[in-house]
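Dear colleague,

Here is the structure you will be working with. My notes on what was found in it follow below.

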Amino acid sequence: AGPVAPVAAGDYAPPPDCPKALLANCFDASKLDARDAAIETEFGRECSKFGRVLDAECVLRGDDAGALLVSFTAVEGAKKCCVAMHGRYFDGKCIQAELWPEGRRPA
């Protein structure tokens with residue numbers, strides 16, 4: 001079977017306990033007032049190289065504003081994503097990646 005396409009932005013709410021990677025410093029949250037489907041789709045496709053992606057969600061508020069929260073079916077995918085994406089540049093910004101604690105959501 002070939003790669004599975006990520007779900008379109010806003011169409012799906014992943015389970016709260018699924019493994020997640022938080023990719024910080026991806027975009028300027030002050031320039032967005034709603035989730036950006038193009039950014040979410042682009043990151044969802046890129047992160048699907050590391051495992052099956054359930055969702056990629058722009059974080060617009062709180063301490064993690066400007067980040068993407070990428071949900072995976074398996075923790076191995078989230079870990080590979082963090083290793084591969086940490087330190088990469090997107091739109092002139094250096095991405096900081098970390099494994100997100102299970103069940104936690106950005107404020």
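**Salt bridges around Arg-35**

The side chains of Glu-40 and Arg-35 form a salt bridge, with N and O 2.7 Å apart. Please keep in mind that this is a predicted model. Glu-40 is buried, with a relative accessibility of 3%. Arg-35 is partly exposed, and its relative accessible area is 34%.

Arg-35 also meets Asp-55 in a salt bridge, at 3.8 Å from N to O. This pair links distant parts of the chain: Arg-35 sits in the loop between strand 1 (20-24) and helix 1 (37-47), while Asp-55 belongs to strand 2 (residues 53-59), and the two are 20 residues apart. Is Asp-55 buried or exposed? Asp-55 counts as buried, because its relative accessibility is 2% and the cut-off for buried is under 20%. Through shared partners, the salt bridges join Arg-35, Glu-40 and Asp-55 into one network.

The structure holds 4 salt bridges. Another of them pairs Glu-46 with Lys-49, whose closest N and O atoms are 3.1 Å apart. Lys-49 is exposed, at 61% relative accessibility.

**The protein as a whole**

The protein has 107 residues, and 38% of them count as buried. Its secondary structure consists of 2 helices and 6 strands. Read from the N terminus, the order of the elements is β-α-β-β-α-β-β-β. The accessible surface is about 6000 Å², and carbon and sulfur atoms account for 50% of that surface. If one takes the contacts between residues at least 6 apart in sequence, 67% join residues at least 24 apart.

**Helix 1**

At the start of helix 1, a side-chain oxygen of Asp-36 comes to within 2.9 Å of the backbone nitrogen of Ala-38.

Which residues of helix 1 are buried? They are Ile-39, Glu-40, Phe-43, Gly-44 and Cys-47. Viewed down the helix axis, these buried residues fall within an arc of 130 degrees, so they line one face of helix 1. The general background is that an α-helix has 3.6 residues a turn, so residues three or four places apart point the same way. Glu-40, already met as a salt-bridge partner of Arg-35, is among the buried residues of helix 1.

The face turned away from the buried side of helix 1 carries the exposed residues Ala-38 and Arg-45. As for the cover over the buried residues of helix 1, it includes strand 1, strand 2, strand 3 (67-72), helix 2 (75-85) and strand 4 (89-90).

**Strand 3 and its partners**

Strand 3 is largely enclosed by the rest of the structure, because 6 of its 6 residues are buried. In a regular strand, side chains alternate between the two faces of the sheet. In strand 3, Ala-67, Leu-69 and Ser-71 point one way, whereas Leu-68, Val-70 and Phe-72 point the other way, and all are buried.

How many bridges join strand 1 to strand 3? There are 4, and the two strands run antiparallel. One of the residue pairs to look for here is Ala-21 with Val-70, its bridge partner in strand 3. Strand 2 also pairs with strand 3 in the antiparallel sense, over 6 bridges. Here Val-59 has Ala-67 of strand 3 as its bridge partner.

Strand 2 thus appears twice in these notes: it holds Asp-55 of the salt-bridge pair with Arg-35, and it pairs with strand 3.

Best regards

Definitions and conventions. Residues numbered from 1 in each chain as written. Predicted model: local features only at pLDDT ≥ 70, side-chain atom pairs only at ≥ 80, totals over all residues. Heavy atoms only, no water. Buried < 20%, exposed > 50% of the residue type's maximum accessible area, 1.4 Å probe, protein only. Contact = heavy atoms within 4.5 Å. Areas by Shrake-Rupley, 256 points an atom, 1.4 Å probe, with all protein chains shown as cover. Arc of directions from axis to C-beta. Polar contact = N/O pair within 3.5 Å; in protein donor to acceptor, adjacent residues only side chain to side chain. Pairing = 2+ DSSP bridges.
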